[in-house]
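Trainee: I am new to this structure and would like a close look at a single part of it. Could you take me through one loop position first and then through the interior and the pocket?

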Amino acid sequence: KVSGDTSSQASQALQAVGLVLGTVNTAVDNSCDYLGTVMNQSPLAGAHVSFGSAVSITVGTPPKNACP
């Protein structure tokens, strides 16, 4: 599980378990809980994948209006 990690931390964590960082997407984080960190990943944490598989992540970006 790399939720809450920065892209760099997620990459290191995935490499440590024999996986690789795939596509890095961004999405607006209206909750402001994941600004600059991983909001979700695909495949999901706990999914069975082959050694060397890529895991794509989505990193939160600030909403148009200021965070509370």
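Mentor: In this predicted model, Thr37 belongs to the loop that runs between β1 (20-28) and β2 (38-42). Although Thr37 sits in a loop, Thr37 counts as buried because its relative accessible area is 14%, and the cut-off for buried is under 20%. If residues up to four places away in sequence are left out, Thr37 touches Gly4, Asp5 and Thr6, and also Thr58, Val59 and Gly60.

One of those contacts, Val59, leads into the interior, since Val59 is a member of the largest nonpolar core, whose eight residues also include Val2, Ala10, Leu14, Leu19, Val38, Val55 and Ile57. Two or more residues of this core come from each of α1 (7-16) and β3 (54-61), and β3 gives the largest share, namely three residues. In soluble globular proteins, nonpolar side chains tend to be buried together.

Within this core, Leu14 is worth following: apart from its neighbours within four places in sequence, Leu14 is in contact with Val2, Leu19 and Val55, as well as with Val20 and Leu21.

Leu14 then brings us to the pocket. The largest pocket has a volume of about 160 Å³, and of the 14 residues that line it, Lys1, Leu14, Leu19, Gln41 and Ala45 are the closest to its centre. Sorted by class, the lining of this pocket consists of eleven nonpolar residues, two polar residues and one charged residue. Leu14 and Leu19 therefore appear both in the largest nonpolar core and among the residues closest to the centre of the largest pocket.

Technical notes. Residues numbered from 1 in each chain as written. Predicted model: local features only at pLDDT ≥ 70, side-chain atom pairs only at ≥ 80, totals over all residues. Heavy atoms only, no water. Helix = DSSP H or I, 4+ residues; strand = E, 2+ residues; numbered from the N terminus. Buried < 20%, exposed > 50% of the residue type's maximum accessible area, 1.4 Å probe, protein only. Contact = heavy atoms within 4.5 Å. 1 Å grid on protein atoms, 1.4 Å probe; cavity = no way out; pocket = protein on both sides within 12 Å on 5 of 7 lines; lining within 4 Å. Points joined across faces, edges and corners; volume = space filled by probe spheres on them. Nonpolar A, V, L, I, M, F, W, Y, C, P; charged D, E, K, R; others polar. Core = buried A, V, L, I, M, F, W, Y, C linked by side-chain atoms within 4.5 Å.
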